[in-house]
Amino acid sequence: MKKGRLFSVLVGGVFCLVVLLLYHMLDLMQGAELQRGGDGPSSQLDNDLYHLRQKIDKLEHLLSNNNRLVATLRDSLMQQNTFNKEMGKANVSSESVDRMTGCRLTGGETDGPAQMLDVYDLLPFDNPDGGAWKQGFDIQYRGNEWDQEPLEVFLVPHSHNDPGWIKTFDNYYQDQTRHIFNNMLTKLGEDRRRKMIWAEVSYFSKWWAEIDEQKRDMVKRLLADGQLELVTGGWVMPDEANSHYFALLDQLIEGHQWIHRHLGVKPSSGWAIDPFGHSPSMTYLLKGAGLSNMVIQRVHYAVKKHFAQQRTLEFLWRQSWDTSSRSDIMCHMMPFYSYDVPHTCGPNPAVCCQFDFHRLPGRRVTCPWKIPPQPITDDNVQERALLLLDQYRQKSLLFRSSVLFVPLGDDFRFVESSEWDVQFTNYQKLFDYFDQHPELHVKARFGTLSDYFQSLHRRLSSRGETPPKLGGDFFTYADRDDHYWSGYFTSRPFYKRLDRMLEAVLRGTEILFSLTLAEMRRFRGNGQLVEGFPAKEHFQRLTEGRRNLALFQHHDAVTGTAREAVVVDYGTRLFHSILNLRQVLQSSAHWLLLLDKGLYHHDQSKPFLQMDDAIAAHDALPQKTVLTLSSEPRSVVVFNPAEQLQTSVVSINVDCADAVVVDAETGRPMVAQISAVWEKPSVASTQVFQLSFVAELPPLSLVVFYVTEARPGSAHRAEYTFVHHGGPLSVQTEHFQVSGLDRPAESALSLSNKQVQVWSSPDTGLLQKLRLKSGLVRQVQVQFLWYGTRSGRNQDKSGAYLFLPGEEGAQLYSQSEPPLIRVSRGPVFSDITTYFRHFTHTLRLYQLEGHAGKSLEISNTVDIRSEVNRELVMRLRSDVANGNRFFTDLNGFQMQQRRTLTKLPLQANFYPMSSAAFLQDQASRLTLLSAQSQAVASLRPGELEVVLDRRLQQDDNRGLGQGVTDNKVTASLYDLLLEDRTAEAAEVGGASVEHLSLLAHLTSLSLSHPPFTMSVPGGAHAVTLRPFRPLRSSLPCDVHLVNLRTLEDQQEAQTPSREAALLLHRKGFDCRAVPDPSPVCTWSDRQEVELDDLFSPLQFGSIRRSALTLLQEDEEEAEFAQQHKTQLRPMEIAAYRVELD
């Protein structure tokens, strides 16, 4: 410690001395300038002064950073020493550390990429009329700009096919998409100069299954000749706001694996023209999958204008946390309003529309600007060509190279054979004219994205130019005026929650199924699977589940922006996949648990294991099933899908008020409590009871418990207190002690465990204050509010996409009758439940040891079906001094700093939250972890609010043609985490890169991937079950097992192979929150990881590091992989092809 302080003093002293000397030199030079009097300006002296000031500013900045870093290192060391003394043995690597080992320090490169945060600070967000380019500016040129370097134009035909929106996926396919594909084969085959790109593999695979081998050969020939290119290669073009990175990657894997198996090609360019805003998480996945370039479109119009003015519409998009260029991907931002033809050839849509030949007179579509296209003839080709060339030239001046990308397409284009003819024939005449007139200095042709980017890179390379670098995201999107697309962050929240439920079931089932196949091969000894186990049928259920989850990531599905009938179709697919995957999970667990494997028998009509809940329909919440207990033990099986040891509370419904739970292997009784099952807020069931017990679940394990009926009065029962400020209250319960009926509570309601104490209002039951064991206290008040929408007759209003709140802003929720408050206390958990008219709100604290007991669970059940044009919001008001900065996650992959800006309207300051948001100041951090995606904002310091549900009666004029009125009773679930910031915090502000704490990562893992509970039916033949524990210990705290996904056999379709995709994510975590008490997992700063050690005693027969979608091996990692070692840097996702032995 003394050496550390001495080092701090010495370094600081040197910096101070240098700065003082420079200031002295500056004084001397300024004095010399004054002595010169009226001799006139001295440019040399001014220049010297300017450079000297720059050096001083830089040194002051370095000194400030140095002091902050030294202080951080010093305080981190003090914290670590204290932590080590308290815990006895440090839970880190054996190396000497000055800070929390392996964490990610806040900050970034001094010479790193420009940040979108800074662009937002810079822009005025005014909206002047730009003339022909309404949202832009006038573009002028002399005409000789292309004399030395001719303009090279690539016209790229495309057809954007939504896998569901106004029609269902299947109806779109039958009515339109299949005709596009059939015409594509014919029309591209007529002329080798014609080209086309396609994005949605979901449609392509459906068509492929219907066509014969002759047509399949034609497709392969078009691909080989470069006439057809598959871009992005995902199952869908996904939403980038609500989707979790698991689902984003899974749909990309599904698409790439299908393409590679059937077509033998690998996508190289991304195409995202319709998602409503763009996330760097998606770019990371694309780069990791082997793509080098991408195109985006829906970006705020003011941002587009700024980038166009700076000629930075093409840039290297870099991850904000990456200090290297590994994550860089070349990105082209389309400059104009839309991806349709009127907004892609150049800045004037009235002119460009004249070159959409699908709009020729007599066809179905017309030009809104009242000037129709003309067929190209010998008589008009010169005039038409020069008019088009003028648009091309103007557009090209927005970019730094003379290679120009021009899309040609729109939604569901090229359905009719005649459209292919009029587009390709007329454009070819224009291109021929350009070729015949070299004095125009233009070469135009049909192309693909690969054609364009290859030419662009050649041109940039020949000039020795490197595109500018950019970090950050492109939310929240506005397409015009103050129309911000922040509504869809919450629209249809029931299905956003169902999406995450399917994601959790799919991941858990994938892992258990892969482990089951490996264990079967080990058990048989000959590499074969067990007879009678329906591996092929289960694999097909897995494939269907993958594809239905993938389909729902479409940017009109998880967004909640499809027609009601289409939403039902999506929901039904999600629902059926959950049911089918549960069959695979139950069957796999059945075989793994049997001590005598010879007793395994698969009978789906009478499954050996049953889930502890049932879902009746796609629009219904899960309901617990009831276990009938007796003196004979009932086996309850709990599967932990997490890679960490989980201390969890398992709750099941039973038919008796007294029960005991023991570990089946050791006979050790588990801490348990019996709680009431409430049929109404104050009426408890006399037939059904909730049994909750604390279970320690090893990673990826199946653990067996015995549940038995106990003697009357022997079980720990929850005790209840009711608070009601209205009329007389009648409480009906036979088996539980109830108090508080005769007098309302006067003081705050309180809950506590060994880690946290909370206080709630005696009037509303809503949270008021939090205190940690460390002594940190924060005022944290929960409020509920309503937003309405604009009320003017001619004003635009909120709809599925847009959030356009009324001028009155948020109004505090109120109701005429005071709410009923019910407090329960028990040895496993205590909670406060409040019943309001439109929602039920519960705060729950679990009595768990260690870090598992540090979070406060918040749950809401919302029903706003009676409302008109209203949105319900839950707001947290705290005394955290965060200024105008807060942080939200992007797709559950990374955190992004946000700044609430007063120059923007209220709706612009809402952002997507997939799984986390936090506020922080120098002493504390308040983190809200979410089990579903929603809109989030921090409109004032200390506040964080999430939009729970939206009911809107009108369309918002973005093509849907409906409001959002199909609301369901919707559940939402959160964990609230208050943490000390133990080291000296950087001042709030700056474009810093922050990460969740280690504790927040572990809590989020438990929230997103809770245990699965199953039971052996009563009366089942008594068999011996043995727990299944595939791992000796937890994975490191910061290493997440994203998936263990069985791959399809290369020889036999729809059959599992011996290989699986192992996907690992090493999470970046914050340095300033050392978890206390320490979790059982370990962490270190070593980047080299031995996979055999991580997964011991599992053994890998082979390991091959590959791109994220398993299409190509990582050559740099080949030597490591042979030794079963790998490089796994913080924040990175790694993919491996493995064979489990």
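Two strands are taken to pair if DSSP finds at least two bridges between them. The structure described here is a predicted model, and this rule underlies the account of its sheets. In strand 8, His332 stands opposite Val295. These residues belong to the pairing of strand 6 (residues 293–296) with strand 8 (residues 329–333), which runs in the parallel sense over 4 bridges. The wider setting is an open sheet of 6 strands, ordered 1-11-7-8-6-5, in which the pairing is mixed. Strand 1 (114–115) and strand 5 (269–272) form the edges of this sheet, and each of them pairs on one side only. Helix 13 (residues 449–463) packs on the sheet and touches strand 5, strand 6, strand 7 (314–317) and strand 8. The direction of helix 13 makes about 110° with that of strand 8.

A further open sheet consists of 4 strands in the order 43-44-48-46, with antiparallel pairing. Strand 43 (1039–1048) and strand 46 (1100–1106) each have a single partner strand, so one side of each is left without a neighbour in the sheet. From one strand to the next, the twist averages 25°. The antiparallel pairing of strand 46 with strand 48 (residues 1133–1140) extends over 6 bridges. Within strand 48, Leu1140 is the bridge partner of Phe1100. Helix 7 (residues 245–263) packs on this sheet, where it touches strand 43, strand 44 (1056–1066) and strand 48. Between the direction of helix 7 and that of strand 43 the angle is about 25°.

Helix packing was also examined. Two packed helices are described by the angle between their axes and the distance between the axes. For helix 14 (residues 493–524) and helix 16 (residues 564–593), the angle is about 30° and the axes lie 8 Å apart. Angles under 35 degrees count as roughly parallel, and helix 14 and helix 16 are therefore roughly parallel to each other. Helix 14 passes helix 16 in a left-handed crossing. The contact between helix 14 and helix 16 comprises 20 nonpolar, 6 polar and 3 charged residues.

Confidence in the prediction was considered last. The protein has a mean pLDDT of 90, with 88% of its residues reaching 70 or more. Residues 60–98, however, have a pLDDT below 50, and this stretch has 54 contacts in the model beyond near neighbours in sequence. The pLDDT also stays under 50 over residues 985–991, for which the model has 21 contacts beyond four places in sequence. Where pLDDT is low, the predicted coordinates should not be read in detail.

How values were computed
Residues are numbered from 1 along each chain as its sequence is written. This is a predicted model: local features need pLDDT of at least 70, side-chain atom pairs count only at pLDDT 80 or more; totals for chains, interfaces and linings use all residues. Side-chain values use heavy atoms; hydrogens and water are left out. Helices (H or I, at least four residues) and strands (E, at least two) are DSSP runs, numbered from the N terminus. Axes are lines fitted to C-alpha atoms, for helices over the stretch in contact, and angles run from 0 to 180 degrees between N-to-C directions. Contact means heavy atoms within 4.5 Å. Angles under 35 degrees count as roughly parallel, over 145 as roughly antiparallel, 65 to 115 as roughly perpendicular and the rest as oblique. A crossing is left-handed if the near helix is turned anticlockwise from the far one by less than a right angle, and right-handed if clockwise. Ala, Val, Leu, Ile, Met, Phe, Trp, Tyr, Cys and Pro count as nonpolar, Asp, Glu, Lys and Arg as charged, and the others, Gly among them, as polar. pLDDT is the predictor's confidence in each residue, from 0 to 100.
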